[in-house]
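Today's notebook is open, and I have a fresh model to look through. I will jot down what I look up as I go, starting with a loop and ending at the ligand.

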Amino acid sequence: MKLLLLLLLSLSLVAEDDTNQTTQEDDSFLSTVEYGRMLYRQPRGISCSQCHGKEGKGGQIIAKYYDKKKNPKLLRGVDITSYSLEELKASLRNEYIENNHKKHHKIMPIYYLTDEEAEAIYAYLQYSLEHQ
Ligand code: HEC
């Protein structure tokens, strides 16, 4: 009888542990998103949001210039919400591949962010997309 009680007790402890774990995972996912939001706005270097907008949807005016015919032009940041995590990581290293070639950035600076930091930024962008 004692043994059975002990067994039941440990089973319920395990069950409790399980629920704890899911909330913990939710919490840690949210803090990754928070961390990503912070990094997106203040990475080591110039803020992503200055060129790609608050949540990566682009449209931010990067520069005003005149074309060869002296017409005024605006250079706007691109929407980066549909790039995969691997593409985002490559882009930060200035090694983004387009048409089988490394497309070196003309404007965007190189960032020295860790994989974990890139993943957090990615999580933040995905989260913002799903919660708009
Ligand atoms: C000074 C403006 C500027 C800043 C700051 C900037 N970007 Fe960019 N980004 C660009 C431009 C412009 C492009 C298009 C490629 C080019 O000409 O540089 C681009 C392209 C991209 C792309 C598309 C893939 C590619 O490489 O073409 C991704 C993803 C991206 N940026 C993510 C980011 C993230 C994340 C940050 C912050 C850590 C950031 N960018 C900061 C201007 C900027």
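**Entry 1: loop residues**

I began with Asn 94, which I found in the loop between α3 and β3 (97–98). For the labels, helices (H or I, at least four residues) and strands (E, at least two) are DSSP runs, numbered from the N terminus. Phi of Asn 94 is near 60 degrees, a positive value in a residue that is not glycine. Asn 94 is buried, at a relative accessible area of 14%. My cut-offs here are under 20% relative accessible area for buried, over 50% for exposed and partly exposed in between, with a 1.4 Å probe and protein chains only.

Before going on, I noted that this is a predicted model, in which local features need pLDDT of at least 70 and side-chain atom pairs count only at pLDDT 80 or more, while totals for chains, interfaces and linings use all residues. Residues are numbered from 1 along each chain as its sequence is written, and side-chain values use heavy atoms, with hydrogens and water left out.

Glu 95 sits in the loop between α3 and β3 as well. I have Glu 95 down as partly exposed, because its relative accessibility is 31%. I also looked up the C-alpha atoms of Glu 95 and His 105: they are 8.5 Å apart, with the two residues ten apart along the chain.

Then I went to Asn 99, in the loop between β3 and β4 (101–102). Its phi is positive too, near 50 degrees, and Asn 99 is not a glycine. Is Asn 99 buried or exposed? It counts as exposed, because its relative accessibility is 68%.

**Entry 2: the overall layout**

I stepped back to read the whole chain. The protein has four helices and four strands, in the order α-α-β-β-α-β-β-α along the sequence. Of the 132 residues, 26% are buried.

**Entry 3: the hairpin**

Next I followed β1 (residues 61–66) and β2 (residues 72–76), which pair in the antiparallel sense over five bridges. Two strands pair, in this notebook, if DSSP finds at least two bridges between them. Which residues of β2 are bridge partners of Ala 63 and Tyr 65? Tyr 65 has Lys 73 as its partner, and Ala 63 has Leu 75. A reminder to myself: in a regular strand, side chains alternate between the two faces of the sheet. β1 and β2 make a hairpin with five residues between them, and Lys 70 in the turn has a positive phi of about 65 degrees.

**Entry 4: two side-chain contacts**

I looked up Glu 117, which is in helix α4 (residues 115–130). Glu 117 is buried, since its relative accessible area is 8%. What does the side chain of Glu 117 contact? A polar contact of 3.0 Å joins it to the side chain of Arg 44. By polar contact I mean a pair of N or O atoms within 3.5 Å; within protein, one must be able to donate a hydrogen and the other to accept it, and residues adjacent in sequence count only if both atoms are side-chain atoms.

Ser 49 belongs to helix α2 and is buried, with a relative accessible area of 16%. The side chains of Ser 49 and Ser 47 share a polar contact of 2.5 Å.

**Entry 5: the ligand**

I finished at the ligand, which has 19 residues around it; the closest are Cys 48, Cys 51, His 52, His 105 and Met 108. The cut-off for being near is one heavy atom within 4 Å. By type, the shell holds 13 nonpolar, four polar and two charged residues. Here Ala, Val, Leu, Ile, Met, Phe, Trp, Tyr, Cys and Pro count as nonpolar, Asp, Glu, Lys and Arg as charged, and the others, Gly among them, as polar.

Which residues put an N or O atom by an oxygen atom of the ligand? Ser 91 does so from its side chain at 2.7 Å, and a backbone N or O atom of Lys 106 lies 3.4 Å from a ligand oxygen. The side chain of His 105 does so at 2.5 Å. The elements that give two or more residues to the shell are α2 (49–52) and α3 (85–92), and α3 gives the most, with three residues.
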